[in-house]
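Trainee: Could you take me on a close look at one part of this structure, the packing where the two chains come together? I would like to see how that part fits in with the rest.

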Amino acid sequence: MSAPASGTRHALEVRGIAKSFQVGSETLDVLRGIDLAIPYGQPVALVGSSGAGKSTLLHIAGLLERPSAGSVRVDGVDGWNLSPDERAKVRNRKVGFVFQFYHLLPELSALENVLLPAMIAHSPGEYRAARAQLTEAALGLLARFGLQARTKHRPSQLSGGERQRVALARALIHDPPILIADEPTGNLDSATGERVLELLFDEQRTRHFAMLLVTHDAKLAARCPRTVTMRDGRIVGDTNGSGAA
Amino acid sequence: MYKLFLSWRYLTARRTNLIGIVGITVGVGALIMILSIMTGFLDEHRAAIRGGLSDLVITPIHLARSDRSVPPREPEALLEIVRADPRVAGAAPRLVWGGMISPRGAQTDLSEVYYSHPETGNVPVVQLIGIDVASEYQVANLREALARVSSDPASARHGVRDLDDPFAAPRDLDDDGIAYRGILVGKKLYDTFQLRVGDRVNVLTAVPDPRSGAVKSNNLIFTVCGAFKTGQSEIDSDIAYFDRRALAELIGNERSFSTVLVKLHDFERDGAATRADLEQRLDKARLIRGEGDEVSTWEDLRGSLIAAIENERILIGVMLALVLLVAGFTVFAILSMMVVEKRRDIGILSALGATRGGVLSTFLLIAFWDALVGAVSGAVLGVWLAVKIDPFERWLSATIGYQIWNREIYLFDTIPSRIVPIAVALIVLGAFACTLLFAAIPAVRAARLDPLEALRYE
Ligand SMILES: Nc1ncnc2c1ncn2[C@@H]1O[C@H](COP(=O)(O)OP(=O)(O)O)[C@@H](O)[C@H]1O
Ligand SMILES: [Mg+2]
């Protein structure tokens, strides 16, 4: 696990985040002041009705979408104060993404998809040097997720559950301090979703990365020691008494 | 690392990219082939424009003799200076005059077998050229032109007896008491007059008296020693060769030579410098007047036509370069489609930490592979076709049963083709530049894509 940057206990720290969209002549305030700090190693479930702004918060926290106001610290680094290229590097090294629709590259095999963040991180020379080691790590992840026979398959040859497991392996290849997942089981039947979650939490227990999981799934929320509830762009509930501030 | 990897993967995973590659291959290949053939044609054209011109032509102006008691000036002094130059491979004096030829004893038939010239009508005016055989052979292609007739079994009886001594009397010549003087006649002229080797022809000419201005006509009987064929119709229909002494005799020893043809070892390299040096030396020796127009390169003499050919070459190149635009546009279209198709991939890549520059490079690299594979295979194809165009055309003509290249209408019987390495390099570079320039548009569009917009869409 990545060493914490100096002076922080939080893998992810979101302060005063506001986000509004201009839709025609109207301004839509989707997030109205969000403060959320997730300590290293803590899994957090983010729940709330559809349209509450959960996905928008995840995108901002994952440094994919710029907030209208507020700051995001990932592993202690103020992500929105960086140059676009430096921010891309933080996304690459410190944030693992899992999406509802897997978002694997269709032309790449399962193994190549898992290695993609490493390919992005390294120059051709570096990659060649680290290739054996990276491949071994990727194959190890895939094997732990029960995909050892599937490494050469394209996403189109995999089931939904298998695809999500590949996406999970991809998110974890860099051993990031925080994993962000938007309804990771939303597109899977409950048994398959259950199996994916089993693997995710197994992995979390050994690696101790922090997680921010958006879910409608009560069973998933129940697995997390902390649940944050959103409504209309605000946090209205946080089971972690001190964590909401 | 992912840029190389992904661009190559996208390239190979998508069949449509093949269209772009094939487009570039065909464009580059066709361009190289066509340009090589056009260059070959223009070379031939240039050679045709050059005609019988040797590398340098020296035409001293003050040859006219006002005092008849003084013998005509001989070319030896001039030749000596010219031949002394190490860059000169050979020099030959020529006496050039105009005249008419009439087959002897056929005068009454002349109205039927009159000489018909496409430009001058029915006037049998012929250029009379007096030569020194040995030196002429060094500077001009007369020997080949004679051999073309005498070595071809079909026309051998119209050829000279001895190539080394073309003016030697033909075998079995009737001894009719006429002093023997030989004449070599262009094959077309020979055919027009229905001549045979051994025939006597009357050569008429007029010689002006430089003092009185009066013109007196001269004529002499010559014996046909054989025909020559250069393949260039003006020469074959307009020229008769004589021994220089015999022609001088015909014109009353008015002069003994009119020009000196010079052949250089390397005209491309030395032409201009040698011309200037010879002019200076001959002027110093008072063999020319030195007003700047007596020593010329053949290009000086055909300047505007040469310029036209160079211009044609450039024009053809520029117009054909449009082919590359088409190839570039194909890549543009394919890549644009791919960017739209790959919106989600682009979003995923951004989420995983790819920069905008990285996305841009990835798509530009696809075009680069297109250009690399396309241009290299196009260059190979084009050069191969340019080298093998003749057998290729024969094969194609035989296969489709239509003579694509009609060898009858050209003077050369293989398709001319010359590969210019610089042109090949320019075409390949042009294909690269064109493809990358066109590809830059969709690549920039890909890099500008909002990654979230791309991700939201499923
Ligand atoms: N790019 C956008 N432009 C306009 N409105 C948006 C945009 N993104 C999200 N929204 C709006 O913001 C609100 C919150 O969306 P979202 O964060 O996806 O909610 P959730 O994930 O909790 O369902 C919704 O009403 C949605 O329509
Ligand atoms: Mg959502």
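Mentor: Happy to! Let us begin with a term: a nonpolar core is a set of buried Ala, Val, Leu, Ile, Met, Phe, Trp, Tyr and Cys residues joined through side-chain atoms within 4.5 Å. Keep in mind that this is a predicted model. Its largest nonpolar core has 126 residues, and the ones with the most contacts inside it are Leu179(A) and Phe363(B). A second, separate core of 26 residues includes Ile101(B), Leu128(B), Tyr190(B) and Phe242(B). As background, nonpolar side chains in soluble globular proteins tend to be buried together.

Look at Leu179(A) for a moment. Leaving aside neighbours within four places in sequence, Leu179(A) is in contact with ten residues you can find one by one: Gly96(A), Val98(A), Ala171(A), Leu172(A), Leu200(A), Phe209(A), Ala210(A), Met211(A), Leu212(A) and Leu213(A).

Now to the place where the chains meet. Here 28 residues of chain A are in contact with 25 residues of chain B. Between them the two chains bury about 2400 Å², with 68% of it on carbon and sulfur atoms. On the chain A side, His103(A), Glu107(A) and Ile120(A) supply 26% of the area buried against chain B, more than any other three residues.

Ile120(A) leads us to helix H3 of chain A, where it is one of the buried residues. In fact, 12 of the 12 residues of H3(A) are buried. Among them are Leu111(A), Val114(A) and Leu115(A), but also Glu112(A) and Asn113(A). What do the buried residues of H3(A) pack against? Within chain A, they pack against H2, helix H4 (124-144) and helix H5 (160-172), and from chain B come helix H1 (2-13) and H13.

Helix H2 of chain A, residues 84-94, is worth a stop too. Its buried residues include Arg87(A), Ala88(A), Val90(A), Arg91(A) and Asn92(A). Their cover includes strands S4 (69-74), S5 (77-78) and S6 (95-98) of chain A, along with H3(A). Helix H13 (343-351) of chain B is also part of that cover.

Let us step across into chain B. Its secondary structure comes to 17 helices and 9 strands, and buried residues make up 48% of its 458 residues. Of the contacts in chain B with a separation of 6 or more, 80% are between residues 24 or more positions apart.

Strand S2 of chain B, residues 88-103, has 12 of its 16 residues buried. S2(B) pairs with strand S8 (residues 259-264) in the antiparallel sense over 6 bridges, and there Gly90(B) has Lys263(B) as its bridge partner. With strand S3 (residues 125-131), S2(B) again pairs antiparallel, over 7 bridges; one of these partnerships links Arg94(B) and Ile131(B). Strand S5 (residues 200-208) runs antiparallel to S2(B) and is joined to it by 4 bridges, with Pro103(B) partnered by Val201(B).

Finally, meet Arg181(B), in the loop between helix H5 (142-150) and strand S4 (182-186) of chain B. Is Arg181(B) buried or exposed? Its relative accessible area is 15%, so it is buried, given that buried means under 20%. The side chains of Arg181(B) and Glu249(B) are joined by a polar contact of 3.0 Å. Beyond four places in sequence, Arg181(B) also touches Leu220(B), Ile221(B), Phe222(B), Thr223(B) and Ala246(B), among others.

Definitions and conventions:
Residues numbered from 1 in each chain as written. Chains lettered and ligands numbered in written order. Predicted model: local features only at pLDDT ≥ 70, side-chain atom pairs only at ≥ 80, totals over all residues. Heavy atoms only, no water. Helix = DSSP H or I, 4+ residues; strand = E, 2+ residues; numbered from the N terminus. Buried < 20%, exposed > 50% of the residue type's maximum accessible area, 1.4 Å probe, protein only. Polar contact = N/O pair within 3.5 Å; in protein donor to acceptor, adjacent residues only side chain to side chain. Contact = heavy atoms within 4.5 Å. Pairing = 2+ DSSP bridges. Buried area = accessible area lost by both parts, 1.4 Å probe.
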